[in-house]
Amino acid sequence: MAEGMLKLSGSYYVLSTTGVAGPGPRAGVKAGEVFIALAQMGGETVCEKFLFTGSRPAVKRKAALTALDLLRKNLLGI
């Protein structure tokens, strides 16, 4: 998803998230299981799996903040 959007948008960086925020599991995937990908022009795509806890809004917030932190760390070279 991130790589496709990178090609379409012409952006230098693209973040994408997918998963199940809850309230319960879906199609055999646990609630709170989220994949976050960072694609960058001329670089490797990174995709990580996370398991967040809490309510649906809490999982969505944690996923968004984690995605932004992944970009921040990449920009800082951490």
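Start by selecting E33: at 14% relative accessibility, this residue counts as buried, where buried means under 20% relative accessible area, exposed over 50%, and partly exposed in between, using a 1.4 Å probe and protein chains only. Before you click further, note that this is a predicted model, in which local features need pLDDT of at least 70, side-chain atom pairs count only at pLDDT 80 or more, and totals for chains, interfaces and linings use all residues. Residues are numbered from 1 along each chain as its sequence is written, and side-chain values use heavy atoms, with hydrogens and water left out.

Now add K49 to your selection. Its side chain meets that of E33 in a salt bridge, 3.8 Å from N to O; the term covers a side-chain nitrogen of Lys or Arg within 4 Å of a carboxyl oxygen of Asp or Glu. This pair links distant parts of the chain, with K49 in strand β3 and E33 in strand β2, 16 residues apart. Unlike buried E33, K49 counts as exposed, at 54% relative accessibility.

Zoom out for a moment and switch to a cartoon view. You'll find two helices and three strands, and reading along the sequence gives the pattern α-β-β-β-α. Both kinds of element are DSSP runs numbered from the N terminus: helices are H or I with at least four residues, strands are E with at least two. The C-alpha atoms fill a box of roughly 40 × 25 × 15 Å along the principal axes. Of the chain's 78 residues, 27% count as buried.

Next stop: helix α2, residues 56-76, where you should pick R72 and D69. Their side chains meet in a salt bridge at 2.8 Å, N to O, and the two residues sit three apart, about one turn of the helix. Both are partly exposed: R72 has a relative accessible area of 40%, and D69 has 27%.

Keep D69 on screen and add K73. These side chains also meet in a salt bridge, this one at 3.4 Å, N to O. Salt bridges that share partners join D69, R72 and K73 into one network. Why are K73 and D69 separated by about one helical turn? Because they are four residues apart in helix α2. K73 counts as partly exposed, at 34% relative accessibility. Counting across the structure, there are three salt bridges.

Time for some rings. The structure holds one aromatic pair. Select F50 and F52: their ring centres are 5.6 Å apart and their planes are at 5 degrees, so the pair is stacked. Rings of Phe, Tyr and Trp (its six-membered ring) pair if their centres lie within 6.5 Å; planes under 30 degrees apart count as stacked, over 60 as edge-to-face and the rest as tilted. F52 counts as buried, at 13% relative accessibility.

Finish on the outside with a surface view. Select Y12, Y13, M41 and L75, which make a nonpolar surface patch of about 450 Å². Patches take residues with over 30% relative accessible area and no salt bridge, joining like charges within 9 Å and nonpolar side chains (Val, Leu, Ile, Met, Phe, Trp, Tyr) within 5 Å. To find M41, look in the loop between β2 (33-40) and β3 (46-51); at 46% relative accessibility, M41 counts as partly exposed. As for the whole chain, about 5,300 Å² is exposed, with carbon and sulfur atoms supplying 58% of it. Accessible areas come from the Shrake-Rupley method with a 1.4 Å probe, and for residues only the protein chains shown count as cover.
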